[in-house]
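Hi,

Here is the structure I promised to pass on. Have a look, and my notes follow underneath.

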Amino acid sequence: MSKSASRARLAEIIRARSFGRGEITLASGRKSDFYFNLKPTMCDPEGAALLAELTFEALREDQFDYVGGLEMGAVPLAGALAQLSWLKNRPIAAFFVRKRPKEHGARLAVEGLARGETLEGKRVVIVEDVTTTGGSAVKALDAVREAGGEVVLVYTMVDREEGATETFAQAGVTFRALYKASEFLKP
């Protein structure tokens, strides 16, 4: 399937499984009359495969060592991307950032790294399912920076176009999206 056909098919899946109308309160606290819940798309076999493929292609030219982001939205994305990268002979390691470190065990904020493995000096892409203002991804960005990593890009599946571009510009990080919310709001 061509890239444009894959993108069109994924948009159909998102529209059917993950997009809705109706008043909702977003993670940012804002009210909206539409929403995206990408979990049903990320858990659909075809949706997961297309998200991974299109993200892999979108990041092909970027130079980075790890991909990850804040739980929950980034977990399936980073995992699918890591698996696909292995199959494509271009392995990309994945991790995720907990919203709060566990209160037992190793009490880690960054999960998925092997013992002795760190983000120190590594180039990282933060992935996110849906981005509104960028606040959730900033939590992951801060955790990566605190761990000594360099965030080179924040990449989201859907940009709600409600301030994230400005948030990441202020943070000094490039921000790109697979889709813009406006693509789904057109009749």
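Which residue in E5 is the bridge partner of Val 97? It's Val 110. Before the rest, a word on sources: this is a predicted model, so local features need pLDDT of at least 70 and side-chain atom pairs count only at pLDDT 80 or more, while totals for chains, interfaces and linings use all residues. Residues are numbered from 1 along each chain as its sequence is written, and side-chain values use heavy atoms, with hydrogens and water left out.

Back to the sheet. Strand E4 (residues 93-97) and E5 pair in the antiparallel sense over two bridges. (Strands, at least two residues, and helices, H or I and at least four, are DSSP runs numbered from the N terminus; pairing takes at least two DSSP bridges.) They belong to an open sheet of six strands with mixed pairing, in the order E5-E4-E3-E6-E7-E8. Strand E5 (110-111) and E8 are the edge strands, each pairing on one side only.

Now the inside. The largest nonpolar core (buried Ala, Val, Leu, Ile, Met, Phe, Trp, Tyr and Cys joined through side-chain atoms within 4.5 Å; buried is under 20% relative accessible area with a 1.4 Å probe, protein chains only) has 35 residues, and Phe 36, Val 125 and Tyr 179 touch the most other members. H3 gives the most to this core, six residues. Leaving out residues up to four places away in sequence, Tyr 179 has contacts (heavy atoms within 4.5 Å) that include Arg 7, Leu 54, Met 157 and Phe 184. Another core, of 19 residues, lies apart from that one, and Val 110 is among its members.

Cheers

Notes: Buried < 20%, exposed > 50% of the residue type's maximum accessible area, 1.4 Å probe, protein only.
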